[in-house]
Amino acid sequence: MEKIMVEKLEKIAKEACSKQGVALYDLELKRASKGLIVLVYITKLDGVNIGDCQIVSREISNRLEIDDFIAERFFLEVSSPGLERELKLKKHYVSAIGEKLKITFQAEDKNKTVIGVLKEVETDYLKLDVKDEMKQITFSDIKKAKTYFDYKKKS
């Protein structure tokens, strides 16, 4: 049932995003004591603003009220994925080419974490520039990946 609900939510979210000129980045369902939390992350090239989130949220809410397929109490949250966004899908990696990433992956029977600039995304692997050394990391070895923002770096 939850898979069907996610598919319906994705369809509604994609339509709402399309109307606003933004893209659906990700969608998550989280269970909390107060009910189901539907998290919708949106993105666009020049950045998402609060107005984009409000309009997409209103559009999704209206559709959810009409379609009425979520039986339990739920809360909808629409936001940008943030500066340090999680990379789950191949399209997330492709959109992050040229950005700094923090990746934890399996190497020699242990987890290793590196920070570097994403240079290429291929079918089965990516190439990351880590301190002027090109690392090739297979997607199946990746445990966790996100864009990385260096808060200490002076601009």
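**Exercise 1. Give the strand order and pairing of the sheet formed by 5 strands, then find its edges.**

Step 1. The sheet is open, and its order reads S7-S6-S5-S4-S8. Strands here are DSSP runs (E, at least two residues), and helices are H or I runs of at least four residues, both numbered from the N terminus. Pairing is antiparallel. Two strands pair if DSSP finds at least two bridges between them.

Step 2. S7 (133-138) and S8 (142-147) each have a single partner strand, so one side of each lacks a neighbour in the sheet.

Step 3. From one strand to the next, the twist averages 40°. Angles run from 0 to 180 degrees between N-to-C directions, with axes as lines fitted to C-alpha atoms, for helices over the stretch in contact.

Step 4. Look inside the sheet. S5 (residues 110-121) pairs with S6 (residues 125-130) over 4 bridges, in the antiparallel sense. Val117 faces Asp129 in S6.

The model is predicted: local features need pLDDT of at least 70, side-chain atom pairs count only at pLDDT 80 or more, and totals for chains, interfaces and linings use all residues. Residues are numbered from 1 along each chain as its sequence is written, and side-chain values use heavy atoms, leaving out hydrogens and water.

**Exercise 2. Describe the open sheet of 3 strands and place helices H1 and H2 against it.**

Step 1. The order is S1-S2-S3, with mixed pairing. S1 (23-32) and S3 (74-79) are the edge strands; each has a single partner strand, so one side of each is left without a neighbour. The twist averages 15° from one strand to the next.

Step 2. S1 and S2 (residues 35-43) are joined by 9 bridges in the antiparallel sense. Leu27 has Val40 in S2 as its bridge partner.

Step 3. Add the helices. H1 (residues 2-20) lies across S1 and S2, at about 140° to S1. H2 lies across S2 and S3, at about 150° to S3.

**Exercise 3. Locate Glu59 and list its contacts.**

Step 1. Glu59 sits in helix H2 (residues 50-67).

Step 2. Is Glu59 buried, exposed or partly exposed? Its relative accessibility is 26%, so Glu59 counts as partly exposed (buried is under 20% relative accessible area, exposed over 50%, partly exposed in between; 1.4 Å probe, protein chains only).

Step 3. Not counting residues up to four places away in sequence, Glu59 touches Ala16 and Lys19. Contact means heavy atoms within 4.5 Å.

Step 4. The side chains of Glu59 and Lys19 make a polar contact at 2.8 Å. Such a contact is a pair of N or O atoms within 3.5 Å; within protein, one must be able to donate a hydrogen and the other to accept it, and residues adjacent in sequence count only if both atoms are side-chain atoms.

Step 5. Lys119 is 60 residues from Glu59 along the chain; their C-alpha atoms are separated by 37 Å.
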